[in-house]
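Biologist: I should like to understand how this chain is put together. May we take it one part at a time?

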Amino acid sequence: MTFLLSGTHGTVRAGEVAHAFDDARDATHAVRESGPEGGVVGAISFAPGSPDALWQVGSLARTDEPLIGTGPLSRRWEVAEWVPAAATHRSRVERVVERIRSGEADKVVLARAVELVADRPVEIDAVAAALAGTNTDHNAFATDLSAAGADQTGRWLVGASPELLVRKVGDRVYCRPFAGSAARQPDPDGDAAAAEGLARSVKDQREHRFVVEYLASVLTPLCTRLDYPRTPELRCTGEIWHLATPFVGTLRDPSITALDLALALHPTPAICGTPTRAAAAIIAEVEEPRGFYAGTVGWCDAQGDGEWMVAIRCAELRADRRTARAWAGGGIVAESDPDAEVDETTAKFATVMRALGGLGVSVGG
Ligand SMILES: C=C(O[C@@H]1C=C(C(=O)O)C=C[C@H]1O)C(=O)O
């Protein structure tokens, strides 16, 4: 296996690899040349300068059913290192709030990571099955990062992203950006109150609006018709409530491919910020390199149809299959509270940790 993506629209698995691309721009030309059953699959990194990991494949196996999956892996994971510790993340958020208030940007998404070590190695297929089986939408992806260069040999990006960057079917384009989050609560009343609070939160609505305005500005010139609701809807994973806006458009030029659309849209303010350039510069200055986290993972067939998910709720698994780095982030705006932002990352780590089998220590770090 090189690539697997499962979700509500079914499961896609890639067959035999023909070529590897470490630059997504080169892979755009390969889409049409991959044979009638083939296509391009893989991961596009967060930052424009860092290598991508795309594969031209001779066949794509598609089913309408998501991967049902299994329960969590029976592994115990220990934290080797927080990158950075919660206190450092908190002070980064504090400093970025000040920079936003002084006008440097409107929104910046800040993330942190955790280095994990398992008691025994894991198998990629088993990780994908555990990811798919531990969330209600059966979201899961697993993609081989070896195409990104020698230092990535044997590494995989695995995750369970609930956020669709773009899906293209014929002349239709669909996006469903997320932004604005609240942790789920164990008791039903508390959980309903968390959802209601999120829907009414002025701060989260503002955070969300930056993403909607960005998506609309990229998609409008590409579409003859574009529909999306004025008010975001609530969507949830097992851990988090989100504000989401579903977009449906009719493409002016249906020959544009799903990969072209993913490249046109990435990075959105859901994982980077607003304005894009200013936010990306702040992220590059204050964070450790993200690699493939907050990039995009997906597939595009020879007809140009395909689906790309935002690479969040994910981890990079090393060649030893025992060490991994997981990431979680959140959008920062002028009204953000640093403590709440640290808690939001902690809640987001839980998606991947639950599937991997859980931590031997608390995830809060
Ligand atoms: C950045 C992440 O999530 C993104 C940020 C969100 C937010 O700021 O509310 C919500 C969903 C995602 O678009 C992540 O999960 O790491």
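**Reading the fold**

Biologist: Which elements do the buried residues of helix α3 pack against?

Modeller: Helices (H or I, at least four residues) and strands (E, at least two) are DSSP runs, numbered from the N terminus. A residue is buried if 20 or more other C-beta atoms lie within 10 Å of its own, exposed if 12 or fewer, and partly exposed in between, with C-beta atoms placed from the backbone. Contact requires that these C-beta atoms lie within 7 Å. The partners of the buried residues of α3 are β1 (3–7), β9 (140–144), β10 (156–159), β21 (314–317) and α8.

Biologist: Which residues of α3 are buried?

Modeller: This is a predicted model, in which local features need pLDDT of at least 70, side-chain atom pairs count only at pLDDT 80 or more, and totals for chains, interfaces and linings use all residues. Residues are numbered from 1 along each chain as its sequence is written. Helix α3 covers residues 124–133, and its buried residues are Val-127, Ala-128, Ala-129, Ala-130, Leu-131 and Ala-132.

Biologist: Where is the kink in α8 centred?

Modeller: Helix α8 (residues 338–356) has 19 residues and spans 28 Å between its first and last C-alpha, close to the expected 27 Å (1.5 Å times one less than the number of residues). The bend at a residue is the angle between axes fitted to the seven residues ending there and the seven starting there. In α8 the kink is about 30°, and its centre is Ala-350.

Biologist: Which strands stand at the edges of the nine-stranded sheet?

Modeller: The sheet is open and antiparallel, in the order β3-β5-β4-β19-β20-β11-β12-β17-β14, where two strands pair if DSSP finds at least two bridges between them. Each edge strand has a single partner, so one side of it is left without a neighbour in the sheet; these strands are β3 (17–21) and β14 (223–227).

Biologist: By what angle are neighbouring strands of this sheet turned against each other on average?

Modeller: Axes are lines fitted to C-alpha atoms, for helices over the stretch in contact, and angles run from 0 to 180 degrees between N-to-C directions. For neighbouring strands here, with direction ignored, the average is 15°.

Biologist: Which residue of β17 stands opposite Tyr-174?

Modeller: Strands β12 (residues 172–176) and β17 (residues 247–251) are antiparallel partners over four bridges. Across from Tyr-174, in β17, is Val-248.

Biologist: Which helix lies across β4, β11, β12, β19 and β20?

Modeller: The helix in question covers residues 258–265. It runs at about 150° to β11, and its name is α6.

Biologist: Why is strand β16 described as largely enclosed, and how many of its residues are buried?

Modeller: Ile-240, His-242 and Ala-244 point one way from β16, whereas Trp-241 and Leu-243 point the other way, and all are buried. Strand β16 (residues 240–244) is largely enclosed by the rest of the structure because its buried residues number five of five.

Biologist: Which residue is the bridge partner of Ser-181 in β16?

Modeller: Strand β16 has antiparallel links of four bridges to β13 (residues 178–183) and of four bridges to β15 (residues 233–236). With β15 it forms a hairpin that has three residues in between. On the β13 side, Ser-181 is bridged to His-242.

Biologist: How far apart are the C-alpha atoms of Ser-336 and Lys-203?

Modeller: Ser-336 lies in the loop between β22 (323–332) and α8, and counts as buried because it has 22 C-beta neighbours inside 10 Å. Beyond its neighbours within four places in sequence, its contacts are Val-93, Val-97, Lys-203 and Glu-341. Although Ser-336 and Lys-203 are 133 residues apart along the chain, their C-alpha separation is 7.4 Å.

Methods: Two residues are in contact if their C-beta atoms, placed from the backbone, lie within 7 Å.
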